[in-house]
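Reader: Please take a close look at the ligand site, and set it against the protein as a whole. I would like to know what surrounds the ligand, which atoms come into polar contact range, and how the rest of the chain is laid out.

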Amino acid sequence: MTRRFVDIATTSSVRAAQLAAGVTRRHREPETQTECDSLTAHERAFIQERDSFYMASVSETGWPYVQHRGGAPGFLKVLNDTTLAFPDYRGNRQYLSVGNLAADDRTMLFLMDYARRARLKIFGRVETVDIQAEPDLAQQVIDPSDEAKFERIFRIRVEAFDWNCPQHITPRFTEADIAHALRHLTDRIANLEAENARLSAELANQTGE
Ligand SMILES: Cc1cc2nc3c(=O)[nH]c(=O)nc-3n(C[C@H](O)[C@H](O)[C@H](O)COP(=O)(O)O)c2cc1C
């Protein structure tokens with residue numbers, strides 16, 4: 001865990017739980033305020049490969065809320081080493097995340113790579129940006145070939161991040177992963193089918209059928 005992640009995550013009740021479980025290693029210096037984390041090339045590459053992630057928000061009544069976000073790989077853009085952004089699709093018109101974030105801008109993004117068994121957690125603060133208000137940002141974030149309707153852009157200032165261990169992550173593969181892995185087999189089958197058709201035709205000619 002980075003110092004900043006520990007700062008945010010280790011509240012007094014978390015610390016009490018750690019102590020109750022015998023975790024005596026000191027994780028936190030409450031009197032020190034650490035700098036926000038900067039994403040390294042490793043996190044930036046990981047983020048830019050993702051085709052989905054989960055975004056948490058907190059309701060005005062303190063309930064946690066999580067929504068899945070999906071798009072083409074790389075739809076969650078890394079604007080710089082402390083800023084991310086993605087377009088908010090017009091959706092079910094419940095506006096739960098939008099409403100929650102208007103009252104409390106804090107989020108956690110949860111990014112999974114099931115195939116490589118890796119997960120990245122990001123604490124951040126979300127700013128809701130009007131698409132017309134920032135055309136340069138819209139150009140960076142919205143893919144013009146995407147026919148979906150977007151209502152706004154979420155810009156996230158990264159505060160801290162943490163990688164978790166791969167334990168208990170079952171490897172899962174997308175259709176594209178599987179197609180890529182099987183390509184030499186599907187090519188071979190296609191070649192064999194073509195050869196089979198050619199030989200069958202030759203045989204039919206020879207036997208006069
Ligand atoms: C037809 C349709 C397609 C959608 N496509 C996507 C999509 O590709 N990616 C995405 O993140 N949200 C998509 N959404 C939006 C989500 O369903 C949801 O409305 C949005 O994430 C906001 O949810 P919330 O109110 O729970 O925060 C789509 C919604 C609809 C109705």
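**From the N-terminal helix to the ligand site**

Author: Arg4 is buried, because its relative accessible area is 10% and the cut-off for buried is under 20%. The model is predicted, and every value here is computed from it. Arg4 sits in helix H1, which covers residues 3–9. Its side chain has a polar contact of 2.6 Å with the side chain of Glu159. Arg3 belongs to helix H1 as well, but Arg3 is partly exposed, with a relative accessible area of 46%. Between the C-alpha atoms of Arg3 and Cys36 there are 9.0 Å, although 33 residues separate the two along the chain.

Next, the whole chain. The protein has seven helices and seven strands. Read from the N terminus, their order is α-α-α-β-β-β-β-α-β-β-α-β-α-α. The radius of gyration is 24 Å, whereas the globule rule gives 17 Å for 209 residues, so the protein is more spread out than a compact globule. The C-alpha trace spans about 90 × 50 × 30 Å along its principal axes. Of the 209 residues, 32% are buried. The protein exposes about 13400 Å², and 52% of this comes from carbon and sulfur atoms. Among contacts with a separation of 6 or more, 70% are between residues 24 or more positions apart.

One pair that is far apart in sequence involves a loop. Ala148 lies in the loop between helix H5 (135–141) and strand S7 (150–164). With 31% relative accessibility, Ala148 is partly exposed. Asp88 is 60 residues away from Ala148 along the chain, yet 9.9 Å separate their C-alpha atoms.

Now the site itself. The shell around the ligand consists of Tyr65, Gln67, Arg69, Gly70, Tyr89, Arg90, Gly91, Asn92, Gln94, Tyr95, Leu96 and Ser97. Strand S2 (64–70) and helix H4 (96–103) each contribute at least two residues to this shell. The largest share, four residues, is from S2. Tyr65, Gln67, Arg69 and Gly70 are the shell residues that fall within the range of S2, while Leu96 and Ser97 fall within that of H4.

By class, the shell holds four nonpolar, six polar and two charged residues. The charged ones are Arg69 and Arg90. The nonpolar ones are Tyr65, Tyr89, Tyr95 and Leu96. Gly70 and Gly91 are among those counted as polar.

Three distances between protein and ligand can be given at the level of atoms. The side chain of Tyr65 places an N or O atom 2.3 Å from an oxygen atom of the ligand. At Gly70 the backbone takes this part: one of its N or O atoms lies 2.7 Å from a ligand nitrogen atom. Tyr95 also uses its backbone, with an N or O atom 3.3 Å from an oxygen atom of the ligand. On its own, the ligand has 620 Å² of accessible area, and the protein covers 64% of this.

Notes
Residues numbered from 1 in each chain as written. Predicted model: local features only at pLDDT ≥ 70, side-chain atom pairs only at ≥ 80, totals over all residues. Heavy atoms only, no water. Near = heavy atom within 4 Å. Polar contact = N/O pair within 3.5 Å; in protein donor to acceptor, adjacent residues only side chain to side chain. Areas by Shrake-Rupley, 256 points an atom, 1.4 Å probe, with all protein chains shown as cover. Rg over C-alpha atoms; globule rule 2.2 N^0.38 Å. Buried < 20%, exposed > 50% of the residue type's maximum accessible area, 1.4 Å probe, protein only. Contact = heavy atoms within 4.5 Å.
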